[in-house]
Amino acid sequence: AEFEKRTVDPAAAEMLTAAGEAQILTSWDRYKAQQPQCKFGLTGICCRICIQGPCRIIPSRPGQDKGICGASAYTIVARNLVRYIAGGASAHSDHGREIAYTLLHTAEGHAKDYKITDGKKLIQVAEKIGVATEGRDEIEIAKDVAVKALEDFGKYDHEPCTWLNATIDEERRLKFKHTNIAPTAIDRAIAQLLHQTHIGTDADPVNIIFGGLKAALADYTGMSLATDLTDVLFGTPQPVLTEANLGVLDAEKVNVAVHGHNPLLSQMVVYAARELEKEAVAAGAKGINLVGICCTGNEVLMREGIPTASNFGSQELVIMTGALDAMIMDVQCISPGVKDLCNCFHTMLITTSNISKVPGSVHIEFNETTAMEDAKKIVKLAIAQYGKRRPERVKIPQLKKQVVGGFSYEALIDLFAKINPDSPISVLTDAIAAGEIKGVCAFAGCNNQKTIHDHATITIAKELAKKDVFLVSTGCAAGALAKAGLLSTEGVEAFAGPGLKKFIKRLEEHSGLNAGLPLVYHMGSCVDNSRVARLWSNMAKNMNIPVPQLPFVASAPEAMSEKSISIGSWVITMGIPCHVGVMPPLEGSELVHGVTTKIARDVFGGYFIFETDPEKAAEKLYERIEKRGWKLRV
Ligand code: BF8
Ligand code: SF4
């Protein structure tokens with residue numbers, strides 16, 4: 001019963017009990033040990049930007065109502081907030097840059113293990129960004145597309161980034177121009193934001209926030225090109241049947257987890273594991289069982305149907321099963337605490353990126369020029385590790401749910417086209433106009449120890465489904481929904497309201513798939529929130545309204561990372577209300593809080609809704625959907 005307060009995932013609860021009995025500490029214990037957390041930090045009024053600090057603001061105390069340099073609470077809160085965006089945009093866009101380099105090197109023949117898998121997508125992307133396609137072969141086009149992508153990082157003209165400009169409508173183009181927040185180069189927007197928030201540069205909180213929004217749109221740019229080019233290299237996801245939760249581990253096979261974000265690695269591991277199946281059998285196993293954790297797990301779930309073992313919050317507990325032979329990590333959201341768990345079991349932690357190492361783990365540098373060789377080396381280590389597994393310590397919770405995933409924007413459109421081939425998106429927008437479904441909510445983001453693991457995400461999704469809201473998801477939110485069975489037809493039966501059920505069943509009848517359609521549509525990893533943006537922009541276009549009038553909302557019920565803050569920030573900038581279920585550190589300034597929740601609404605139409613109670617959050621989100629939908633129907 002105690003663990004009910006920690007997680008609503010029964011498999012995670014089982015493993016937490018086991019960890020408790022074995023006196024193995026996890027992030028749950030460390031969260032507790034951190035209490036109480038510092039109020040100055042929690043409300044954003046601790047400044048450590050220069051080494052005169054830390055300066056902590058007490059508004060009521062003369063002299064301490066400002067930092068040593070004279071910075072007010074609003075300056076400090078704004079600076080701290082936008083520096084998260086700089087961090088998030090760096091992570092997402094650097095990921096995008098690696099994909100772009102690999103596409104370039106593939107076209108130049110230096111990355112021989114990669115190829116252009118989706119030529120159709122390549123042509124579409126080329127046309128979108130103005131690269132000539134007529135009479136040219138794929139390699140030439142791919143090279144130009146990759147160069148254009150790389151230019152978005154550092155071009156020196158004053159035009160907005162190509163991937164941004166090509167994917168927004170005229171109304172937003174003008175809005176971003178008038179507010180001067182369209183980035184001209186991704187790296188510049190991030191570097192400029194760090195400059196802007198250096199001691200003694202910008203003290204104006206509103207100006208600082210607008211600088212933050214420019215970096216957030218740089219984040220969007222990097223994500224959009226990452227999704228596009230990954231689809232070109234590995235294929236655009238199509239509906240796929242798989243499973244989620246710890247029950248996907250197989251006691252009789254070599255269990256290998258890919259963890260992190262970069263599909264350049266995880267996709268190669270998928271290929272390598274297929275080739276090395278026989279070696280696993282020679283080692284006494286029944287084969288290789290590849291599972292995913294976090295977003296790289298989402299990447300290979302979407303394209304290859306690789307099952308999900310866990311999301312961010314329960315990553316350590318995959319090792320707690322005693323059945324994981326190797327955890328292969330690349331970058332982002334890998335808790336260093338996994339190494340402590342590995343030390344208690346036979347699990348080998350393998351790092352692969354030169355910017356992402358963990359002391360005591362095995363490092364196999366992964367290079368695009370030797371990708372397959374590297375991936376095989378890694379998988380072979382996992383196979384060798386299998387022999388060290390201690391069967392008496394294996395305890396796999398027999399819990400898993402079916403997942404129907406793979407809903408890229410294209411896959412959703414294909415699904416709609418079965419009903420209306422002339423205007424597929426109308427299938428969705430007509431249903432909204434008719435009131436059959438009320439609108440769309442996109443779930444994104446993480447797990448956060450400040451919330452009960454998976455609880456808010458699942459609760460809000462169920463509430464909105466009941467009220468006939470069409471649901472899509474990405475990232476670790478999708479992981480939470482997957483483990484709860486909401487990415488399967490089981491979810492439709494249990495939770496869809498009458499209108500939503502009718503809508504999904506109508507799609508299902510025409511789908512031609514050999515599985516029922518899910519309640520929530522998995523659109524991919526966190527960078528794939530670009531797919532979600534594509535969905536709302538094409539819905540708005542089809543309905544002939546600007547995005548801020550669309551009954552479309554977003555929710556990050558368990559936001560945690562800097563990346564989730566940068567995503568949320570571009571989401572509101574695009575005109576979408578965005579709920580966040582964890583209070584970010586900005587209560588130390590009424591002004592900054594007001595800008596993100598109110599002023600943003602006047603300027604962009606999108607704004608943050610901070611609400612830590614999931615039931616209330618669902619009500620607030622629904623109210624926004626209703627209001628926008630109602631305006632459309634009168
Ligand atoms: O990019 S949802 S915990 S894994 S940040 Fe991280 Fe958050 Fe998960 Fe993916 Ni996204
Ligand atoms: Fe203090 Fe100003 Fe330095 Fe921040 S920048 S630590 S408020 S002196």
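Where is the place of Cys294? It sits in helix α13, which is one stop on this tour of a predicted model. Local features are described only where pLDDT is at least 70, and side-chain atom pairs count only at pLDDT 80 or more, while totals for chains, interfaces and linings use all residues. Residues are numbered from 1 along each chain as its sequence is written, and chains are lettered from A and ligands numbered from 1 in the order in which they are written.

**View 1. Here is the whole protein, with 26 helices and 16 strands.** Helices (H or I, at least four residues) and strands (E, at least two) are DSSP runs, numbered from the N terminus. Along its principal axes the C-alpha trace spans about 70 × 60 × 55 Å. The radius of gyration is 24 Å, which agrees with the value near 26 Å for a compact globule of 634 residues. That radius is taken over C-alpha atoms, and the globule rule is 2.2 Å times the number of residues to the power 0.38. Buried residues make up 59% of the 634. To count as buried, a residue needs 20 or more other C-beta atoms within 10 Å of its own; 12 or fewer makes it exposed, anything in between is partly exposed, and C-beta atoms are placed from the backbone.

**View 2. Helix α13 (residues 294–304) is largely enclosed by the rest of the structure, because 11 of its 11 residues are buried.** Cys294, Gly297, Val300 and Glu304 are among them. As for Cys294, it has 30 other C-beta atoms within 10 Å. Its phi is positive, about 60°, although it is not a glycine. Most residues other than glycine have a negative phi. Just past the helix comes Gly305, whose phi is also positive, near 70°.

**View 3. Ligand 1 has 14 residues around it.** Here a residue is near a molecule if its C-beta atom, placed from the backbone, lies within 6 Å of it. Which ones come nearest? Cys295, Cys333, Cys446, Gly475 and Cys526 do. Helices α13, α20 (475–483) and α24 (562–573) each supply at least two residues of the shell. By class, the shell has 8 nonpolar, 5 polar and 1 charged residues. Ala, Val, Leu, Ile, Met, Phe, Trp, Tyr, Cys and Pro count as nonpolar, Asp, Glu, Lys and Arg as charged, and the others, Gly among them, as polar. At least three residues come from each of domain 3 (246–393) and domain 4 (401–633), with domain bounds taken from an automatic or database assignment.

**View 4. Ligand 2 is surrounded by 13 residues.** Cys47, Gly53, Cys55, Gly67 and Cys69 are the closest. This shell divides into 9 nonpolar, 3 polar and 1 charged residues.

**View 5. Strand β8 (residues 348–351) is covered on both faces.** On one side Met348 and Ile350 are buried, and on the other so are Leu349 and Thr351. Strand β7 (residues 326–329) runs parallel to β8, joined by 4 bridges; strands pair if DSSP finds at least two bridges between them. Met329 stands opposite Thr351. To get from β7 to β8, the chain goes through helix α15 (residues 338–344), and this β-α-β crossover is right-handed. Right-handed means that, with the strands pointing away from the viewer, the path from the first strand over the helix to the second runs clockwise. Strand β9 (residues 362–363) is also parallel to β8, with 2 bridges, and Val362 is the bridge partner of Ile350.

**View 6. Gln332 lies in the loop between β7 and α15.** Its phi is positive, about 70°, although it is not a glycine. With 23 C-beta neighbours inside 10 Å, Gln332 counts as buried.

**View 7. Two peptide bonds here are cis: Gln35 to Pro36 and Gly53 to Pro54.** The bond at Pro36 has omega near -5°, and Pro36 is found in the loop between α2 (27–33) and α3 (39–43). For Pro54, omega is near 5°, and the loop is the one between β1 (46–47) and β2 (55–56).

**View 8. Gly70 is in the loop between β2 and α4 (73–108).** Gly70 counts as exposed, with 9 C-beta neighbours inside 10 Å. Its C-alpha is 9.5 Å from that of Ala203, while the two are 133 residues apart in sequence.
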